[in-house]
Amino acid sequence: MNSKVGNGSANFSGTSSTTTTVSYRSVPANATAPSLPYPGYRGPAALPAWLQALASVTLVFMITVGIFGNILILIVNRYIMKRRKTWPTVLLRWLAWTDVLNCSIGLVIPLVGYFVDVYSVAALCDLNGIVLFGLSVASQLIVALMSAERCLSLLKPFAYEAHFGPDSVKMYYILGGIVLYSLIVALLPTFGLNRNVPHYPYTFCMFDFTDTTPGGRFVVYLNFINLSGCLVIILVANVLIAVYAWRFRQVFPTPEEDGEGTDSDGRRGSRRRQVTHDRRLQTRLAKLTLAVATCFTMCWLLFAVRILTNQLQVWLDDDVDFLAARLMSFNSVINPLLYIAICRPYRRGCWVILLTAFHYLTCRGARKPDTTLNQSVA
């Protein structure tokens, strides 16, 4: 992104001994390989050994936990969808797939980049930039959609049922639009608007945050507006969800709280049990949405700030940029942990899968779970 080592002007001597000054701030000024496609790019060999070790270890952890955790969630999600399809469950599935792709395709190339100079090939840099940029935009929009969907279902339930009932396909159209928009935006740097470049510590590629050309600035500010808009939607929607849930609990306490109990027979008792179940389901979905949105904000806010500061040429710090990029990637790792911690069906389902796998890995030496995966998510 930015650099501490100079003002960002890189001098290169070509074969005709002509000196060319290239204004480029995302890489250091002391270029040593003028044949490379990125002025000032030094590659992983220029990094200290401790930084290579620390960064690669964190990436291995993120890739392992992110892929394994999200695959577990997708398996459990499939069984939950068989029993009861809800739009939060559908959106969670799409977000989990986005995280799986990000932790596999998006992060594996940067991991290899710590040991092999992969970005001397411009096509690999473009591939990594397209994947990271596209999946990040898709993740931002899906989380914003999750928050807006929960907010609408609580504040305007009749309008929500009319437009997004169980048989509605409008949500799939919205998700299809998100995929198409994310792909178009991710391809903009390859169309000549801005370009994908290696960022510090030179092991991941994304669009150039410091590009001052009209097309380059368009891509930078488009991404900043996308991310900022999603953060605003997430913040407003989840504040409304929290306020509504608190007021609803105060005005309509559960049967256990109002002291009346539940009838053992008759329609009144059945109705109370159904209302209690629905309230718990709504509360669980609201908690999950709030937790996902909170972690999303914590992981992406600094990255949004760094995009703007690099474009405006203020607060230039490589280490902060590196931290922002790591937090951005960490969001794909923490999501499955949130699902397991907050939602009991996901927690039970993942536990059954792990115990069953351990049972067969030990050649049936360990005890097999008493319940099936289908029973655990009931």
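This is a chat between two people about helix packing, salt bridges and a surface patch in a predicted model.

Colleague: Before we start, what kind of model is this?

Modeller: It is a predicted model, and I will keep to what can be computed from its atoms.

Colleague: Fine, let's begin with helices. How do people describe two that pack together?

Modeller: For two packed helices, one gives the angle between their axes and also the distance between those axes.

Colleague: So what are the angle and distance for helix 1 and helix 2?

Modeller: Helix 1 covers residues 49-83 and helix 2 covers residues 87-113, and their axes come within 9 Å and cross at roughly 155°. Angles over 145 degrees count as roughly antiparallel, so helix 1 is roughly antiparallel to helix 2.

Colleague: And is that crossing left-handed or right-handed?

Modeller: The crossing in which helix 1 passes helix 2 is left-handed.

Colleague: What about helix 3 and helix 5, how do they pack?

Modeller: Helix 5 is made of residues 170-187, and helix 3 and helix 5 pack at about 150° with their axes 8 Å apart. Helix 3 and helix 5 are therefore roughly antiparallel to each other, and their crossing is right-handed.

Colleague: Changing topic, how many salt bridges are there?

Modeller: The count comes to 3 salt bridges. The general idea is that side chains of opposite charge can pair when their charged atoms come close.

Colleague: Which residue does Arg-306 pair with?

Modeller: Arg-306 forms a salt bridge with Asp-321, and their closest N and O atoms are 2.5 Å apart. The pair links distant parts of the chain, since Arg-306 sits in helix 8 (residues 266-312) and Asp-321 in helix 9 (residues 318-342), with their positions 15 residues apart in the numbering.

Colleague: Are those two buried or exposed?

Modeller: A residue counts as buried when its relative accessible area is under 20%. Arg-306 is buried because its value is 0%, and Asp-321 is buried because its value is 1%.

Colleague: Now Glu-149 and Arg-150, what is the N to O distance there?

Modeller: The side chains of Glu-149 and Arg-150 meet in a salt bridge with an N to O distance of 2.9 Å. Glu-149 has a relative accessibility of 4%, so it counts as buried, and Arg-150 is buried with a relative accessible area of 4%.

Colleague: And for Asp-370 and Arg-367, buried or exposed?

Modeller: Asp-370 counts as exposed because its relative accessibility is 63%, and Arg-367 is exposed at 65%. Their side chains meet in a salt bridge too, at 3.0 Å from N to O.

Colleague: Let's look at the surface. Which residues form the nonpolar patch?

Modeller: The patch on the surface is formed by Leu-155, Val-232, Leu-235, Val-236, Val-239, Leu-240 and Val-243, and together they have about 580 Å² of accessible area. The largest share, 6 residues, comes from helix 6, which runs over residues 214-251.

Colleague: Where is Leu-155 placed, then?

Modeller: Leu-155 is in helix 3, which covers residues 122-155. Leu-155 has a relative accessible area of 38%, so it is partly exposed.

Colleague: One last thing, where is Pro-345, and how far is it from Gln-375?

Modeller: Pro-345 is in helix 10 (residues 344-361), and at 15% relative accessibility Pro-345 counts as buried. Pro-345 and Gln-375 are 30 residues apart in sequence, while their C-alpha atoms are 9.6 Å apart in space.

Definitions and conventions. Residues numbered from 1 in each chain as written. Predicted model: local features only at pLDDT ≥ 70, side-chain atom pairs only at ≥ 80, totals over all residues. Heavy atoms only, no water. Patch = residues over 30% accessible without salt bridge, like charges linked within 9 Å, V, L, I, M, F, W, Y side chains within 5 Å. Areas by Shrake-Rupley, 256 points an atom, 1.4 Å probe, with all protein chains shown as cover. Salt bridge = Lys/Arg side-chain N within 4 Å of Asp/Glu carboxyl O. Helix = DSSP H or I, 4+ residues; strand = E, 2+ residues; numbered from the N terminus. Buried < 20%, exposed > 50% of the residue type's maximum accessible area, 1.4 Å probe, protein only. Axes fitted to C-alpha atoms, helices over the stretch in contact; angles between N-to-C directions. Parallel < 35°, antiparallel > 145°, perpendicular 65-115°, else oblique. Left-handed = near helix turned anticlockwise from the far one by under 90°.
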